[in-house]
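Here is a friendly walk through one structure, starting with its ligands and moving on to the protein around them. Keep the 3D view open as you read.

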Amino acid sequence: MKILVTGGAGFIGSNFIRLMLGRYPDYEIVNLDKLTYAGNLDNLREVGEDGRYSFIQGDICDAETVEKAMAGCDAVVNFAAESHVDRSIGGPADFIQTDVFGTYVLLEAARRHEVERYLQVSTDEVYGSREEGSFSETDMLEPSSPYSASKAGGDMQVMAYHTTFGVPTLITRSSNNFGPYQHPEKLIPLFVTNAMADRELPLYGSGTNVRDWIYVTDNCEGIDAVLHKGEIGGIYNIGGGNERDNITITRAILEILGKPEELIRPVTDRLGHDLRYSIDCSKAHALGWKPAHEFEEALALTVEWYVDNRWWWEKIRNEDFEDYYRTQYEEREQA
Ligand code: NAD
Ligand code: DAU
């Protein structure tokens with residue numbers, strides 16, 4: 001099988017490419033990635049020399065580039081997206097462009113190339129927040145942020161292309177991933193790398209917001225299961241079953257690193273901050289997939305990875321990142 005992976009230089013995409021090349025000796029992977037601030041070829045340095053892997057730097061919104069990249073591919077797995085909620089609040093345009101328009105460009109090409117499978121990597125955030133119970137795949141979408149609204153827009157395009165044109169689509173909606181190669185703008189790597197340098201950990205609002213955490217390779221295994229065994233036209237929730245509030249995660253990170261709780265700094269809340277995400281994953285479990293990692297162990301492994309791999313994140317926490325960080329948190333203090 002030859003698979004076009006888009007956004008493969010990002011966090012989850014790079015973990016997915018590693019998994020696929022390791023698991024399927026006769027698979028070929030074409031990675032199409034724009035290399036935005038979030039794309040990083042260091043994430044794939046061990047597969048760069050593999051003859052079954054090729055890389056194209058390009059934009060999923062560019063039909064000509066997509067056309068060439070998809071030629072000869074049997075399947076498409078679309079990870080490419082603007083993925084950070086805070087950045088979407090600061091500037092939604094790139095989110096709508098990539099997450100909605102880019103998805104449409106990919107679907108048009110998938111239709112023309114008659115690919116066997118088109119898998120859209122989506123998120124539990126499209127359902128919105130709920131205080132009790134869990135969302136199933138047929139529930140209404142009520143996204144809260146420009147990010148989740150753009151992801152919901154992408155999902156809607158995928159569903160329409162299946163219904164109208166018969167494109168063989170699949171959608172996965174996963175919960176919050178964590179693990180190696182996650183950009184330090186996100187909660188866990190931000191707090192780990194801040195705490196390592198004895199910097200404050202900016203905890204939004206009350207710190208009681210709940211996310212369901214999944215170790216990144218467990219999500220990649222779920223995507224693999226859906227790609228190979230999912231029912232065409234189907235949607236599959238992929239969650240870790242580890243609901244924790246942010247203050248619990250923050251304390252756990254500090255404890256692993258042996259740092260004091262005084263580093264916690266409550267800051268003004270994120271606008272439109274969803275209180276809790278929760279998904280029912282029985283449909284994905286029925287495919288034979290289950291997450292393999294226990295949360296506390298996987299968190300400790302993740303912290304250890306950031307401690308051992310300064311070379312990777314110190315390049316990302318560069319001047320541009322520190323400018324972004326300063327603006328984010330100065331604005332929060334002023335609010
Ligand atoms: P990421 O931000 O780490 O990586 C995104 C990748 O997409 C980057 O390599 C970037 O260069 C590339 N990209 C962005 N715009 C592009 C464009 N126009 N054309 C080509 N490439 C482009 O994101 P991630 O955390 O790895 O998330 C991957 C996917 O999974 C996203 O679709 C995201 O919405 C979804 N998702 C993420 C999580 C999570 O917890 N991180 C959870 C659920 C779903
Ligand atoms: O639920 C899946 C989603 O998870 C994905 O679709 C998104 O791509 C991914 O970014 C993630 O979104 P979140 O907004 O949940 O992740 P983030 O790491 O930004 O924040 C996690 C929680 O931590 C959230 O409640 C906000 C809070 N937070 C975050 C940051 C960056 C803080 O308290 N302080 C911070 O500095």
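## Around ligand 2

In this predicted model, 24 residues surround ligand 2, and the nearest of them are Asp 124, Tyr 147, Asn 176, Arg 270 and Tyr 329. If you zoom in on the oxygen atoms of ligand 2, you will find several polar partners. A polar side-chain atom of Arg 270 sits 2.6 Å from one oxygen atom of the ligand, and an N or O atom in the side chain of His 273 is 2.7 Å from an oxygen atom of ligand 2. The backbone takes part too: an N or O atom of the Leu 187 main chain lies 2.8 Å from an oxygen atom of ligand 2. On its own, ligand 2 would expose 680 Å², and the protein buries 95% of that area.

Where does the shell around ligand 2 come from? Domain 1 (2-177 + 215-238) and domain 2 (180-211 + 241-271 + 294-323) each contribute at least three residues to the shell. Among the secondary structure elements, helix H6 (187-196) and strand E8 (201-204) each supply at least two residues. By residue class, the shell around ligand 2 consists of 10 nonpolar, eight polar and six charged residues.

## Around ligand 1

Now turn to ligand 1, which has 28 residues around it; Ile 12, Asp 33, Ser 83, Tyr 147 and Lys 151 come nearest. Tyr 147 may look familiar, as it is also listed among the nearest residues of ligand 2.

Which atoms of ligand 1 have polar partners at Asp 33, Phe 11 and Thr 98? An oxygen atom of ligand 1 lies 2.6 Å from a polar side-chain atom of Asp 33. For Phe 11, the partner is a polar backbone atom, 3.1 Å from an oxygen atom of the ligand. With Thr 98, a nitrogen atom of ligand 1 is 3.1 Å from an N or O atom in the side chain. Of the 840 Å² of accessible area that ligand 1 has on its own, the protein covers 96%.

Four elements give two or more residues to the shell around ligand 1: helix H1 (11-23), strand E5 (117-123), helix H5 (146-165) and strand E7 (176-178). E5 gives the most, with three residues. The shell around ligand 1 divides into 11 nonpolar, 13 polar and four charged residues.

## The nonpolar core

Away from the ligands, look for the largest nonpolar core, which has 67 residues; Ile 3, Phe 16 and Val 77 touch the most other members. H1 provides the largest share of this core, seven residues. Both domain 1 (2-177 + 215-238) and domain 2 (180-211 + 241-271 + 294-323) give residues to the core, so it lies between them.

## Two buried residues in helices

Helix H1 also holds Ser 14. Is Ser 14 buried or exposed? Its relative accessible area is 0%, under the 20% limit, so Ser 14 is buried. Ser 14 and Gly 39 are 25 residues apart along the chain, and their C-alpha atoms are separated by 9.4 Å.

Another buried residue is Asp 224, with a relative accessible area of 3%. Asp 224 lies in helix H7 (residues 216-229), and its side chain makes a polar contact of 2.6 Å with the side chain of His 228.

## Loops worth a look

Most residues other than glycine have a negative phi. Glu 114, however, has a positive phi of about 50° although it is not a glycine. You will find Glu 114 in the loop between helix H4 (93-113) and E5, where it counts as exposed at 66% relative accessibility. Asp 198 also has a positive phi, of about 55°, without being a glycine. Asp 198 belongs to the loop between H6 and E8 and is partly exposed, with a relative accessible area of 48%.

One more loop, between helix H2 (63-70) and strand E4 (75-78), contains Ala 71. At 37% relative accessibility, Ala 71 is partly exposed. The C-alpha atoms of Ala 71 and His 113 are separated by 7.2 Å, although these residues are 42 residues apart along the chain.

How values were computed
Residues numbered from 1 in each chain as written. Chains lettered and ligands numbered in written order. Predicted model: local features only at pLDDT ≥ 70, side-chain atom pairs only at ≥ 80, totals over all residues. Heavy atoms only, no water. Near = heavy atom within 4 Å. Polar contact = N/O pair within 3.5 Å; in protein donor to acceptor, adjacent residues only side chain to side chain. Areas by Shrake-Rupley, 256 points an atom, 1.4 Å probe, with all protein chains shown as cover. Nonpolar A, V, L, I, M, F, W, Y, C, P; charged D, E, K, R; others polar. Domains from an automatic or database assignment. Core = buried A, V, L, I, M, F, W, Y, C linked by side-chain atoms within 4.5 Å. Buried < 20%, exposed > 50% of the residue type's maximum accessible area, 1.4 Å probe, protein only.
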